[in-house]
Amino acid sequence: MTAHLQRSSLRPLAWASIASNVLLVVTGGAVRLTGSGLGCPTWPRCTDESFTPHNSLSLHSAIEFSNRMLTFVLVVVAVATFIAAWQSRRRELRKVALGLLLGIPAQAVIGGIAVLSHLNPWVVSFHLICSLAMISLAVVFLHLVARGGPLGAAAAGGPVQTVLWSTFAAGWAVLYIGTVVTGSGPHAGDATAPRNGLDPLELSQLHADVVMLFIGLTFGLLVAAYATGASVATRRAARVLLLVELAQGAIGFVQYFTGVPVVLVGFHMFGAALVAAAMTWTVLATREG
C-alpha cells in the first residue's frame, strides 16, 4: 500500500519534469525564431542595471525574459521531485532526481555563456542538446517510478540489444547534427549573431543521410523484436519511436523545401524533444519488467 501511494505521488512529478523540460525546448526555440536571443543582452541580469527588462522592455526582451523565468518553474518541479524521491527511500530515484535538480543551474550557466558569447552557434547547440538530455533523464525517472524498483537486466536478446544501441547512438547523432544545421542557417536568434560558417546545403544532406540510417535501424529493431519474441513493451516502444521519427522526418523535409519557415522549425524542435523521449523509453522497455 505504501509503495502504491509513493508511485501515485511521484508519477505526476515525473510527468511534470518531462513536460517542463519539453516546454523549455519549445520556448527556447521561440526565443530563437523570433530573433529575441539577445532581448536580454547580458547575464545573469537582463540589462546592465536590472534583472528585469524594466525600462528596456520590448517584444524581444519580454520573450527572452519569459524564457528565463521558466527556469524558476523547473526549479520548483525539480525540488519537489527530489524531496519526494528522497522520502521514497529509493536510492535509484534519489540519484536521478538529483541529476534533474543539478541540471538546472548547469543549463542556466550554459545559457548565460550563450548570451555572453553573443549567441555563439556551438554554445547554443550544446544548450539544446543538454535540454534534450534532461528530457531523457526525466523519462528514466518516470520509468523507475512506474516499475517500482531499479532497472533490471536486459530482457531482449543479443541481436535486439545490438540494433537497439546502434539506433540510440544514431538518434543522438541525428539530434546533434540537426543543431549544427540550425547553426549554419538563417535562424540565429538575433540579426547580429554569428553563424558557424559551415555549408547549410552539405550539412542538410548529411543530416538527411543520418536520419535515413536512424529510421532504417529503428525498422530493423522492430523486425528483430518480433523475430526474437521480445516483450510487448519492447515492440510497442519501437513502433512508437518509428512513428515519431517518420513524423519528425516529414516535418524536416517540408521545412527544408519551403525555406525553413519559423512555424515548422518550431514544430521540428518539439519533435526533437519527442524523439529524445521516445528513444530513451525504447531502451528502458527492453529491461526486465
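# Briefing: an all-helix chain

Arg-89 is exposed, with a relative accessible area of 71%. The model that contains this residue is predicted. It has 8 helices and 0 strands, which gives the sequence pattern α-α-α-α-α-α-α-α. The radius of gyration is 20 Å, close to the 19 Å that the globule rule gives for 289 residues, so the protein is as compact as a globular protein of that length.

**Overall dimensions, surface and charge**

- Taken along the principal axes, the C-alpha atoms fill a box of roughly 60 × 45 × 25 Å.
- Of the 289 residues, 47% are buried.
- The exposed area is about 13,800 Å², and carbon and sulfur atoms account for 72% of that area.
- Contacts between residues at least 6 apart in sequence are counted here, and 75% of them join residues at least 24 apart.
- There are 16 positive and 10 negative side chains. The centres of these two sets are 20 Å apart.

**Helix α2 and its contacts with the N-terminal part of the chain**

- Helix α2 covers residues 59-88, a run of 30 residues. From first to last C-alpha it reaches 44 Å, close to the 44 Å expected at 1.5 Å a residue.
- Asn-67 is part of helix α2. Its relative accessible area is 16%, so this residue is classed as buried.
- Not counting residues up to four places away in sequence, Asn-67 touches Leu-24, Thr-27, Gly-28 and Val-31. The C-alpha atoms of Asn-67 and Val-31 are separated by 7.4 Å, while the two residues are 36 apart along the chain.
- Val-77 is also located in helix α2. With a relative accessible area of 15%, Val-77 falls under the 20% cut-off and is therefore buried.
- With residues up to four places away in sequence left out, the contacts of Val-77 are Leu-13, Ala-16, Ser-17 and Ser-20. Ala-16 is 61 residues from Val-77 along the chain, and the C-alpha separation of this pair is 6.8 Å.

**Helix α7 and its packing**

- Helix α7 spans residues 232-257. Its 26 residues should span 38 Å at 1.5 Å a residue, and the end C-alpha atoms are 38 Å apart, so the two values agree.
- Buried residues in α7 include Thr-234, Arg-235, Ala-237, Ala-238, Leu-241 and Leu-242. Further along α7, Val-244, Glu-245, Gln-248, Gly-249, Gly-252 and Gln-255 are buried too.
- The buried residues of α7 pack against three helices: α5 (158-184), α6 (200-227) and α8 (262-285).
- Arg-235 is among the buried residues of α7, whereas Arg-236, also in helix α7, is partly exposed with a relative accessible area of 45%.
- Arg-236 and Leu-222 are 14 residues apart in sequence. Their C-alpha atoms are 8.9 Å apart in space.

**Backbone points in the loops**

- Most residues other than glycine have a negative phi, and most peptide bonds are trans.
- The peptide bond from Trp-43 to Pro-44 is cis, with omega near 5°. Pro-44 is in the loop between α1 (2-33) and α2.
- Arg-89 is not a glycine, yet its phi is positive, at about 65°. This arginine comes just after α2, in the loop between α2 and α3 (91-116).
- Gly-259, just after α7, takes a positive phi of about 80°.
- Val-260 has a phi near 45°, a positive value in a residue other than glycine. Its place is the loop between α7 and α8.
- The relative accessibility of Val-260 is 22%, so it counts as partly exposed. Arg-89, in contrast, is exposed at 71%.

Notes. Residues numbered from 1 in each chain as written. Predicted model: local features only at pLDDT ≥ 70, side-chain atom pairs only at ≥ 80, totals over all residues. Heavy atoms only, no water. Helix = DSSP H or I, 4+ residues; strand = E, 2+ residues; numbered from the N terminus. Rg over C-alpha atoms; globule rule 2.2 N^0.38 Å. Buried < 20%, exposed > 50% of the residue type's maximum accessible area, 1.4 Å probe, protein only. Contact = heavy atoms within 4.5 Å. Areas by Shrake-Rupley, 256 points an atom, 1.4 Å probe, with all protein chains shown as cover. Lys, Arg positive; Asp, Glu negative; His and termini not counted. Charge placed at Lys NZ, Arg CZ, Asp CG, Glu CD. Expected span 1.5 Å × (residues − 1).
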